[in-house]
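Visitor: I should like a close look at a single part of this model, followed by its setting in the rest of the chain. Please treat the matter in one connected account.

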Amino acid sequence: MKPSLTLKLTQHLALTPQLQQSIRLLQLSTVELEHELEKFLQENPLLERAEEYAQPAAPPGDHADSDFQESEPSTEPPSGSTAGDDDGWPDEYFGNGGSAGSFDGDEDGDNDYQDVQAATVSLRDHLLWQLALTSISERDRVLVGYLIDLLDDDGYLSQPLEEIAQAMPDELDVGLEDLQIALRYLQNLDPTGVGARSAQECLALQLMAMPPTSTSSLAQEIVLQYLDLLASHDFARLKKQTGADDEALRAAHVLICSLNPRPGAAYANTETRYIVPDVVVRKIRGQWSASVNADAFPRLRINSLYAQILSRQRGSGLSVQLQEARWLIRNVQQRFDTILRVAQAIVERQRQFLEHGEVAMRPLVLREIAETLGLHESTISRVTTQKYMATPRGIFELKYFFGSHVATEAGGACSATAIRALIKQMIGTEEPTKPLSDGQISEVLGQQGIVVARRTIAKYRESLNIPPVSLRKSI
């Protein structure tokens with residue numbers, strides 16, 4: 001084992017349970033933190049959510065021991081605290097919150113809106129419902145249902161009819177012609193284009209379902225015979241092959257682009273991922289300031305009733321759980337305090353981004369924030385991963401504000417985010433008939449003092465999902 005690895009392992013094993021918990025909580029996203037807290041709440045009776053319990057009054061004449069007295073509730077999220085300082089941490093701290101999407105129900109918990117989700121109708125169910133209303137023979141209905149079961153998530157029938165016919169048992173006496181008839185029934189169902197065996201057939205089915213016009217007829221001809229020319233934006237050959245003028249070709253192109261090449265995708269059962277911002281950035285009296293998002297801030301406290309019992313029964317088995325509850329509360333508060341410190345340091349360095357957008361993003365590395373706050377780079381890395389900042393320009397992961405940079409002729413640096421924004425801006429305003437090549441974009445940036453190689457421009461353009469110049473050219 002290498003000496004450095006041995007040292008790291010020794011240091012890891014030497015960490016106290018409290019410090020290990022602190023590091024783990026810092027790695028979690030806000031949603032993951034909520035799940036983790038639920039486990040602690042179930043396992044430790046001394047820990048409770050502040051909104052779920054009222055502070056019980058002490059019995060007359062019963063004075064709890066000072067070692068177990070809990071501090072007064074704090075209604076503000078952490079602000080301005082020093083990470084790692086164990087003095088002055090309250091055993092209770094409050095926000096307004098819980099997880100995103102939660103609502104206050106009645107006291108009996110009858111209105112638990114968190115568990116209510118909209119029912120999603122699958123493509124199969126949608127097609128079978130229509131099939132049940134279709135006036136066709138029972139045999140054809142069964143065959144159409146069989147084909148429906150073979151569709152992929154996009155609504156395509158990827159398996160050839162010949163293979164399906166061969167796989168049918170001989171006693172069913174199902175031939176290729178029977179399956180072709182069933183497929184025609186399937187392709188007449190909604191959404192239009194379902195049951196297609198290729199993107200070409202999918203688009204053609206949608207065009208054939210439209211009222212016949214000169215534009216739809218030209219679009220259908222292009223889809224069936226010259227789709228490869230359209231895909232490569234070879235409009236000169238398209239005009240020659242179809243005999244259409246620029247205006248007609250442009251109208252057909254617009255119509256084809258409006259079609260849906262994935263008709264079944266709308267019925268796919270996709271899980272929605274909600275993002276809960278950890279901090280919120282606002283401009284207050286001309287200054288940008290970060291604050292903890294109250295909706296992401298858990299409201300936890302020590303159960304005072306159990307604390308009073310422990311004050312009268314020292315040596316109880318609950319003493320260990322009391323200490324664990326105190327550790328958890330302090331570590332969660334320290335987590336948010338550290339996130340807030342890092343977020344504020346980012347805000348102070350990215351004011352121009354908040355004012356002017358991506359083109360004004362300045363170069364920033366983890367080491368710069370780490371040295372400013374006196375923290376390790378690994379801590380900054382944990383804080384900026386899966387932690388989000390809500391700004392007037394949108395919600396961003398904290399790591400979004402860090403990245404590579406390139407040198408400028410003036411001796412400064414320009415962030416990769418700003419360069420990508422400039423590329424997007426230039427392509428967004430280019431002449432459609434004469435789009436900018438990667439080399440031309442490199443030259444324009446060079447004239448502004450930003451030296452970027454053509455291959456780097458291509459890499460940034462691809463990261464923005466912008467097609468190359470040949471595919472951006474239009475009529």
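**The pair of Asp438 and Arg461**

Guide: In this predicted model, aspartate 438 and arginine 461 form a salt bridge in which the closest N and O atoms are 2.9 Å apart. Aspartate 438 belongs to helix 19 (residues 438-447) and arginine 461 to helix 20 (residues 454-463), so the salt bridge ties together parts that are 23 residues apart in sequence. Aspartate 438 counts as buried, because its relative accessibility of 12% falls under the 20% limit. Arginine 461 is likewise buried, at 5% relative accessibility. In general terms, side chains of opposite charge can pair when their charged atoms come close.

The two helices that carry this pair may be considered next. The axes of helix 19 and helix 20 come within 8 Å and cross at roughly 105°. Since angles of 65 to 115 degrees count as roughly perpendicular, helix 19 and helix 20 are therefore described as roughly perpendicular to each other. On the side of helix 19, the contact is made by Asp438, Gly439, Ile441, Ser442 and Leu445, and on the side of helix 20 by Arg454, Ile457, Ala458 and Arg461. Both partners of the salt bridge, Asp438 and Arg461, thus appear in the contact between the helices. By class, this contact of helix 19 with helix 20 has 4 nonpolar, 2 polar and 3 charged residues.

Glycine 439, one of the contact residues of helix 19, is partly exposed, with a relative accessible area of 24%. From glycine 439 to alanine 453 the C-alpha to C-alpha separation is 8.1 Å, although the two residues are 14 apart in sequence.

Helix 20 has further neighbours. Its buried residues are Thr456, Ile457, Ala458, Tyr460 and Arg461. The buried residues of helix 20 pack against helix 18 (416-428) and helix 21 (469-472) as well as helix 19. Beyond helix 20 comes asparagine 465, which has a positive phi, near 60°.

Helix 21 leads to another part of the chain. Histidine 233 is in contact with Ser470, Leu471, Arg472 and Lys473, leaving out residues up to four places away in sequence. The place of histidine 233 is the loop between helix 10 (227-231) and helix 11 (235-242). Histidine 233 is buried, with a relative accessible area of 18%.

Other salt bridges offer a comparison with the pair described above. The count for the model comes to 15 salt bridges. One of them joins the side chains of arginine 24 and glutamate 36, with an N to O distance of 2.9 Å. Arginine 24 lies in helix 2 (residues 17-27) and glutamate 36 in helix 3 (residues 30-43), so this pair connects parts 12 residues apart in sequence. Arginine 24 is partly exposed at 38% relative accessible area, whereas glutamate 36 is buried at 12%.

Another salt bridge is formed by the side chains of glutamate 38 and arginine 49, at 3.0 Å from N to O. This pair links distant parts of the chain, with glutamate 38 in helix 3 and arginine 49 in strand 1 (residues 47-49), 11 residues apart. Glutamate 38 is partly exposed, with a relative accessible area of 34%, while arginine 49 is buried, at 5% relative accessibility. Salt bridges that share partners bring Glu34, Glu38 and Arg49 into one network.

The nonpolar interior completes the setting. The largest nonpolar core has 47 residues, of which Ile346, Ile369 and Met389 touch the most other members. Helix 14 (residues 318-349) contributes the most to this core, namely 13 residues. Apart from its neighbours within four places in sequence, isoleucine 346 is in contact with Ile369, Met389, Leu398, Phe401 and Phe402. There is also a second, separate core of 21 residues, including Leu127, Leu147, Ile148 and Val174.

As for the chain as a whole, it contains 21 helices and 8 strands. Of its 475 residues, 40% are buried. Among contacts between residues at least 6 apart in sequence, 67% join residues at least 24 apart.

How values were computed. Residues are numbered from 1 along each chain as its sequence is written. This is a predicted model: local features need pLDDT of at least 70, side-chain atom pairs count only at pLDDT 80 or more; totals for chains, interfaces and linings use all residues. Side-chain values use heavy atoms; hydrogens and water are left out. A salt bridge is a side-chain nitrogen of Lys or Arg within 4 Å of a carboxyl oxygen of Asp or Glu. Helices (H or I, at least four residues) and strands (E, at least two) are DSSP runs, numbered from the N terminus. Buried means under 20% relative accessible area, exposed over 50%, partly exposed in between (1.4 Å probe, protein chains only). Contact means heavy atoms within 4.5 Å. A nonpolar core is a set of buried Ala, Val, Leu, Ile, Met, Phe, Trp, Tyr and Cys residues joined through side-chain atoms within 4.5 Å. Axes are lines fitted to C-alpha atoms, for helices over the stretch in contact, and angles run from 0 to 180 degrees between N-to-C directions. Angles under 35 degrees count as roughly parallel, over 145 as roughly antiparallel, 65 to 115 as roughly perpendicular and the rest as oblique. Ala, Val, Leu, Ile, Met, Phe, Trp, Tyr, Cys and Pro count as nonpolar, Asp, Glu, Lys and Arg as charged, and the others, Gly among them, as polar.
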